[in-house]
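Hi there,

Here is the structure I promised to hand over. Have a look at it, and then read on for what turned up.

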Amino acid sequence: MWDYGTTLRLVKEMLSGFDVNLIFVHVLLPHWPFIYNAKSDSMMPYNFSPLGYFDNLVLTDKFLGEIRHTLENAGLWDSTVVLITSDHPWRKVHRYDKKGDRRVPFLLKMPGQKESL
């Protein structure tokens with residue numbers, strides 16, 4: 001099973017010693033298995049709740065926040081390009097809204113950028 005804690009620790013270590021021009025991190029979140037319970041703010045081996053995907057989205061947000069915090073503490077946030085994307089849209093969206101959505105998340109923060117577009 002994918003180990004969230006180990007992955008987060010290794011990514012933070014890599015970012016803290018940032019001495020390369022590019023770092024690629026493929027994070028399994030928010031894919032199944034759903035391993036987080038947002039209500040109790042705790043990890044679990046498997047979250048079989050129908051809302052497990054949404055719980056993993058909360059964990060994804062926490063993970064990305066840790067990455068940002070690590071870059072800020074290293075004094076690198078303002079000078080770093082940050083690209084966050086996915087390899088596909090949410091495949092089960094039709095179960096929740098009956099419409100579907102083929103868009104793939106894409107967030108880009110450029111060096112010195114303070115405002116969103």
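Let me start with a question for you: is Lys114 buried or exposed? Lys114 counts as exposed, with a relative accessibility of 62%. Please keep in mind that this is a predicted model.

**Salt bridges**

The structure holds six salt bridges, and I will go through some of them here. As background, side chains of opposite charge can pair when their charged atoms come close.

Lys114 is a good place to begin. Its partner in a salt bridge is Asp78, and their closest N and O atoms are 2.9 Å apart. Lys114 sits in the segment after β4 (106–109), while Asp78 belongs to the loop between α2 and β3 (82–85), so this pair ties together parts that are 36 residues apart in sequence. Unlike the exposed Lys114, Asp78 counts as partly exposed, at 43% relative accessibility.

The next pair is found within a helix. Glu72 forms a salt bridge with Arg68, and the closest N and O atoms are 2.9 Å apart. Both residues belong to helix α2 (residues 52–73); because they are four residues apart there, about one helical turn separates them. Glu72 is partly exposed at 37% relative accessibility, and Arg68 is partly exposed too, with a relative accessible area of 40%.

Helix α1 has a pair of this kind as well. There, the side chains of Glu13 and Arg9 meet in a salt bridge, at 3.1 Å from N to O. Why are Glu13 and Arg9 separated by about one helical turn? Because they are four residues apart in helix α1. Glu13 counts as partly exposed, with 46% relative accessibility, and Arg9 is partly exposed with a relative accessible area of 43%.

**A buried leucine**

Helix α1 (residues 4–16) also contains Leu15. How does Leu15 compare with the charged residues above? Leu15 is buried, at a relative accessible area of 7%, whereas Glu13 in that helix is partly exposed. If you want a distance to check in your viewer, take the C-alpha atoms of Leu15 and Ala74: they are separated by 8.1 Å, although the two residues are 59 apart along the chain.

**In short**

You have a salt bridge in helix α1 between Glu13 and Arg9, one in helix α2 between Glu72 and Arg68, and one linking Lys114 to Asp78. Leu15 is the buried residue to look at in helix α1.

Happy browsing, and do write back if anything is unclear.

Best wishes

Technical notes: Residues are numbered from 1 along each chain as its sequence is written. This is a predicted model: local features need pLDDT of at least 70, side-chain atom pairs count only at pLDDT 80 or more; totals for chains, interfaces and linings use all residues. Side-chain values use heavy atoms; hydrogens and water are left out. Helices (H or I, at least four residues) and strands (E, at least two) are DSSP runs, numbered from the N terminus. Buried means under 20% relative accessible area, exposed over 50%, partly exposed in between (1.4 Å probe, protein chains only). A salt bridge is a side-chain nitrogen of Lys or Arg within 4 Å of a carboxyl oxygen of Asp or Glu.
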